[in-house]
Amino acid sequence: MNFDLLPIAGAAAIALAAAALGAVAWRRRRAPAKPAAAQSPANTAVLDTLTGLPALASFERLVQERCAAVEKAGRDACLLAIGVDDLRLLRDDAGAACAERALAAAAAALRGAVGATTLLARIDADAFGVWLDAPREAGEKLAQRLVQTFDAPLDVDGRALAVPLSVGLAVAPEHGGGARLIGRAAAAMQAVRRSGGHAHAVFDARIDATHNEEVLIARELQHAVVKRQLELFFQPRIDAATLKVSAVEALLRWRHPTLGLVSPARFIPVAERHGLIETIGGWALDAALRQAAAWRQADVKLRVAVNVSGMQFRQDDFAARLERGMKAHGVPADGLLCELTQAVAMENTEATRKAFARLAALGVEVAIDDFAAGAAGLAALAHQPVRELQIDRATVAALARSHDARAMVESAVRAARELGLRVVAEGVETEAQRDAAVRLGCHQLQGYLIARPMSARAVLMWAADAASTLAQTMPSAAFKDTLPMVNPGAQHGFAATRISLGR
Ligand code: C2E
Ligand code: CA
Ligand code: CA
């Protein structure tokens, strides 16, 4: 079986097809503008009602005119796309009205920073555009200054709110004019956001390729569910003490007709940015429950861990949908585990607090995926109903050679023990990593050394042999004192009792 996923960046077919798409994605989410925009006379700016700034349609027209003028004059000019980071978090935590006032305050602060005569507009729900009639160096300086200025919190209704910025810069005429120039500055801004935000970047060909590829993926991904191109693979995780399968993690795969198997690491973030995660994540959850139910019907009580995107988790009806799915498929709460990233679990917004409370009421356990921040991070999670910590693959990879990694795992295990959490070592690839993880007290192991992600059918075949194979491969000296070994002689064929739920 081929488990290698195609690294789709660089696929020539995509690059070619994507080039034709140009600034389509950019036009997907326009800033709210007055409906009369299209009919307004050419010399009247259509204003955004919230900020009083020109809206996108007017800005495009003005930028088009100014681009023509600088090109004629043989000068360069800059277009800055300025995105307010994390506006969604603020909306979840403090409400839509507060988020709107924060955006209006940001618009006022930007006006103060760029001066009264500079062309400033609202170009998206959470982004502004600035036309700067000056060469690239001046544009970069302004971008840097804006990012730094917004380090200081803004005063919104007497509250000090952090409103960090991501700024993308495109240069006219080199990077085009009008809508194309704005789209390219916005693509640079999105690239900044993808790498964490709170910085600036100048548009280049690489950003263009990534942006176009993303647009193409998003367009095709929309139809992936209907076209039945999505699949779940399952990766077993074992209990370090008993060597029994404690759970399987459901991992999405997109079987694309020309690209082959596409990794979720590539398409999940795209789905999140393009409003597709509810459909895709909803499908994955339902498919995982369906498979869990099928296994249970075959008397295999296998707990299924599902990855839940922050965007799904924050949805008002996430827990209600989960409950409906569990009822419809007849899967009890302990047949399921929700994996959340640490960043989402630590958000502590109104939306996440509610979601945690509802999951706790349902009795569904939550695991923290890719836990890497040590005991301090754990303290921040102590108030959430989390039951499991998964040590991320990078830390596990460093275990055999890095004292820091070992110290981090040791302190996480100690703190987890106090809080009654179990600890899973993820991405275990070598025996040295496995032995170190077990010696440090990790309760469960997952990784290529134990098993690769596989189809649901393959899980049963693997499990039939797993206990005896693992027992033969794992009786290393490091386990003598810590691991009660299963007796390989006692294994006979596949039995549901050997596949049991974790603690
Ligand atoms: P993750 O939750 O950290 O999942 C573990 C990833 O590490 C999986 O990659 C798995 O195949 C890989 N892996 C497991 N053991 C090893 C190992 O020993 N060595 C190495 N090098 N890799 C190992 P995958 O399947 O490509 O998934 C990537 C990420 O995509 C997942 O990371 C998860 O964050 C996300 N994802 C997968 N399925 C879903 C889903 O249904 N919903 C959501 N929201 N995200 C998903
Ligand atoms: Ca996971
Ligand atoms: Ca993980």
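## Calcium ion (ligand 3)

In this predicted model, the calcium ion (ligand 3) has protein donors from Asp-369 (OD), Asp-370 (OD), Glu-426 (OE) and Glu-426 (OE), at 2.2 to 2.5 Å. Donors here are N, O and S atoms within 2.8 Å of the metal, or 3.2 Å for Na, K and Ca. Water is not among the atoms, so sites may look incomplete. Along the chain, the donor spacing reads D-D-x55-E.

Asp-369 also serves a second ion: it bridges the calcium ion (ligand 3) and the calcium ion (ligand 2). The two ions lie 3.8 Å apart.

## Where the donors sit

Asp-370 lies in strand E13 (residues 365-371). Glu-426 lies in the loop between strand E15 (422-425) and helix H17 (431-439), so the pair ties together parts 56 residues apart in sequence. Helices (H or I, at least four residues) and strands (E, at least two) are DSSP runs, numbered from the N terminus.

Glu-426 is buried, at 9% relative accessible area. Asp-370 is partly exposed, at 41%. Buried means under 20%, exposed over 50%, partly exposed in between (1.4 Å probe, protein chains only).

## Thr-149

Thr-149 is part of helix H5 (residues 136-149). Thr-149 is partly exposed, with 40% relative accessibility. Its side chain reaches the backbone oxygen of Arg-145 at 2.6 Å. Pro-164 is 15 residues away along the chain, and the C-alpha atoms of Thr-149 and Pro-164 are 9.1 Å apart.

## Conventions

Residues are numbered from 1 along each chain as its sequence is written, while chains are lettered from A and ligands numbered from 1 in the order written. Local features need pLDDT of at least 70, side-chain atom pairs count only at pLDDT 80 or more, totals for chains, interfaces and linings use all residues, and side-chain values use heavy atoms, without hydrogens and water.

Key:
Polar contact = N/O pair within 3.5 Å; in protein donor to acceptor, adjacent residues only side chain to side chain.
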